[in-house]
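Notebook open, salt bridges on the list today. I want to see which charged side chains pair up and how exposed each partner is.

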Amino acid sequence: LNVSENVTFTCEFSGGPDNEIKWLKGGTELANETSRTLLVNVDDVNKGDRYTCVISNAAGNGTGDSVLYVNPIITKHPSDTEITYKDPTGGLICCEAQGFPTPNITWYQNGTVLTDMANVTELESKPYTRTSTVNFINAI
């Protein structure tokens, strides 16, 4: 699913008539969500997670769940950088992407996958976000 799209989860069950429904996101109950359907507006990647419907009545309870995957988006594009001199501090190129699950970032140099990862730094700066930086040290 892409950011800015909606998804509807439906809790299908039989039994009743005194069924109680609640919805969980990542194991945490969603307040005021007690109907058979749950509409999620994917306004950011933090909406990606496991959604669980819990149905209960006097006879017991049951659950069903689904995982909402959010397609990766690049939130900070790397810029074309040409380093034409020897610089001991190097030249930095940065890329940031968001998605659920957290996306991986692959670097290319002149159309070829960069396999020497010694100068690549990656971190998850916030939930479901990966930031990757390449430092071209002593580039000619």
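Starting with K47: I looked up its exposure and got 26% relative accessibility, so K47 goes down as partly exposed. This is a predicted model, so I keep that in mind throughout.

K47's partner is D43, and I get 3.2 Å from N to O for this salt bridge. D43 is partly exposed too, at 46% relative accessibility.

Next I checked how many salt bridges the rule gives: the count is four. I went through K47–D43 above, and two others follow, K25–D49 and E122–R130.

For K25 and D49, the closest N and O atoms sit 3.9 Å apart. That passes because the cut-off is within 4 Å. Where in the chain are the two partners? K25 is in strand 2 (residues 20-25) and D49 in strand 5 (residues 49-57), so I noted this pair as a link between distant parts of the chain, 24 residues apart.

Buried or partly exposed, for each of these two? K25 comes out partly exposed, with a relative accessible area of 23%. D49 has 17% relative accessibility, and it counts as buried because the limit is under 20%.

Last pair: E122 and R130 meet through their side chains in a salt bridge, N to O at 3.8 Å. E122 is partly exposed at 36% relative accessibility, whereas R130 is buried at 13%.

Note to self on the background: side chains of opposite charge can pair when their charged atoms come close.

Notes. Residues are numbered from 1 along each chain as its sequence is written. This is a predicted model: local features need pLDDT of at least 70, side-chain atom pairs count only at pLDDT 80 or more; totals for chains, interfaces and linings use all residues. Side-chain values use heavy atoms; hydrogens and water are left out. Helices (H or I, at least four residues) and strands (E, at least two) are DSSP runs, numbered from the N terminus. Buried means under 20% relative accessible area, exposed over 50%, partly exposed in between (1.4 Å probe, protein chains only).
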